[in-house]
Amino acid sequence: MNQRPPPPGIDASVPSPARIYDSLIGGKDNYAADRQVAARLMEINPNIQSSAIENRAFLGRAVRYIAGQGVDQFLDIGTGLPTRENVHQVAQAFHADARVLYVDYDPGVVAHARALLGKAPNVSVLEADLRDPDTILDEARRTLDFDRPVAVLLIAVLHFIPDADDPHALVRRLRDALPPGSYVAVSHTTADLGAETGDTATAEYSRMSSAQAVHRDRAAIARFMDGLEPVEPGVEFITRWRPDGAPRPPEHAVFYGAVGRKPLNNADG
Ligand SMILES: C[S@@+](CC[C@H](N)C(=O)[O-])C[C@H]1O[C@@H](n2cnc3c(N)ncnc32)[C@H](O)[C@@H]1O
């Protein structure tokens, strides 16, 4: 919980996705307006907080899985505020030289990330919007080696891209630019477990914050994985995606998660 005045250029009265999420996962880089949205979301669905915490755990498991396949380059789009188990920390535990490019459109996230994460070796930070994939790819080609596999992480970010901005085309654009053997990991909110609370939560989120929130069903989320070889168990509620222990019930996390691998050649795909 942040009691200090916001840094220049940050409007603490307008709740942002990064700070709302930070408040849900118990971080301290959020303001009263962000906490109000978090509290309203919890009124609508008390599982929203556990969903955010489970989502962060899914991110860790996905990065560990991908790093365990030998991938040591990560493009993390929609990074969020620095917290525990940041992507480079998880990846560098597998590959000491793992490279990470963090990307977020929120200048507050980028300032924090540059201060806290950007000092780590092989880590860079870019302020860019997922809706501008070419800018992201240009920087990724500068900081990562596109002759070898790269993992693109789209964790809890695509539900801020409305259909009007064609999120599936954005993911295709990123996927097509990746070298063979690369990975794409996605997590995304869903209302498959409760349409009414899902609709109310996304409407309230969009009304109260700086972002448009949308939930999608399993089929729409599965389409983000088109052209990729699914990693077991495919598109699944995140609590059931390669859990470390006994999985919690899906209601604890209103998110689907999935990881896919770009085929090594066309014959594979
Ligand atoms: C809910 S947080 C998720 C953080 C982290 N990926 C995780 O799952 O723990 C969503 C992040 O996506 C960022 N974001 C939302 N829309 C974006 C866009 N169009 N381009 C880039 N970043 C975006 C927000 O600023 C925020 O930091």
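# Close-up views of a predicted model

**Figure 1. The largest cavity and its lining.** Helix α1 (residues 17–24) gives the largest share of the lining of the largest cavity, three residues. The model shown here and in the other views is predicted. The volume of this largest cavity is about 40 Å³, and the structure holds one cavity of 30 Å³ or more. Its lining is made up of A18, Y21, D22, I25, R56, T79, G80, L81 and T83. By class, the lining of the largest cavity comprises four nonpolar, three polar and two charged residues.

**Figure 2. The second largest pocket.** This pocket encloses about 240 Å³ of space. The residues that line the second largest pocket are I25, I53, R56, A57, T83, R84 and E85. Three of the lining residues are nonpolar, one is polar and three are charged. I25, R56 and T83 appear in the lining of the second largest pocket and also in that of the largest cavity.

**Figure 3. Aromatic pairs that involve helix α3.** Five aromatic pairs are present in the structure. In one of them, F58 and W241 meet edge-to-face, with 5.3 Å from centre to centre and 80 degrees between the planes. F58 belongs to helix α3 (residues 48–68) and W241 to the loop between β7 (236–237) and β8 (255–261), so this pair ties together parts that lie 183 residues apart in sequence. F58 and W241 are both buried. The pair of Y65 and Y183 has ring centres 6.4 Å apart and planes at 75 degrees; since planes over 60 degrees apart count as edge-to-face, the pair is edge-to-face. Y65 in helix α3 and Y183 in strand β5 (residues 183–189) are 118 residues apart, and their pair links distant parts of the chain. Y65 and Y183 are buried as well. Through ring pairs, F58, Y65, Y183 and W241 are linked into a cluster. R242 lies over the face of the W241 ring, 5.7 Å from the ring centre.

**Figure 4. Strand β5 and its pairing with β4.** Seven of the seven residues of β5 are buried, and the strand is mostly covered. In a regular strand, side chains alternate between the two faces of the sheet. In β5, Y183, A185, S187 and T189 point one way, while V184, V186 and H188 point the other way; all are buried. Y183 also takes part in the ring cluster with F58, Y65 and W241. Strand β4 (residues 151–155) pairs with β5 in the parallel sense over five bridges. Within this pairing, V152 is opposite V184 of β5.

**Figure 5. Strand β1 and its pairing with β2.** Strand β1 (residues 73–77) has five of its five residues buried, so it is largely enclosed by the rest of the structure. Q73, L75 and I77 lie on one side of β1 and F74 and D76 on the other, and both faces are covered. β1 and strand β2 (residues 99–104) run parallel and are joined by five bridges. L75 of β1 stands opposite L101 in β2.

**Figure 6. Backbone details at N122, A156 and P233.** N122 is not a glycine, yet its phi is positive, at about 65 degrees. This residue is found in the loop between α5 (107–116) and β3 (123–127). The relative accessible area of N122 is 37%, and the residue is partly exposed. A156 likewise has a positive phi, near 55 degrees, in a residue other than glycine. A156 is placed in the loop between β4 and α7 (167–177). With a relative accessible area of 15%, A156 falls under the 20% limit and is therefore buried. The peptide bond between E232 and P233 is cis, with omega about 5 degrees. P233 is part of the loop between β6 (229–230) and β7.

**Figure 7. The surroundings of S209.** S209 sits in the loop between α8 (195–208) and α9 (218–222). Its relative accessibility is 11%, and S209 counts as buried. S209 and P247 are 38 residues apart along the chain, and their C-alpha atoms are separated by 32 Å.

Methods
Residues numbered from 1 in each chain as written. Predicted model: local features only at pLDDT ≥ 70, side-chain atom pairs only at ≥ 80, totals over all residues. Heavy atoms only, no water. Phe/Tyr/Trp six-rings, centres within 6.5 Å; stacked < 30°, edge-to-face > 60°. Helix = DSSP H or I, 4+ residues; strand = E, 2+ residues; numbered from the N terminus. Buried < 20%, exposed > 50% of the residue type's maximum accessible area, 1.4 Å probe, protein only. Lys NZ or Arg CZ within 6 Å of the ring centre and 35° of its normal. 1 Å grid on protein atoms, 1.4 Å probe; cavity = no way out; pocket = protein on both sides within 12 Å on 5 of 7 lines; lining within 4 Å. Points joined across faces, edges and corners; volume = space filled by probe spheres on them. Nonpolar A, V, L, I, M, F, W, Y, C, P; charged D, E, K, R; others polar. Pairing = 2+ DSSP bridges.
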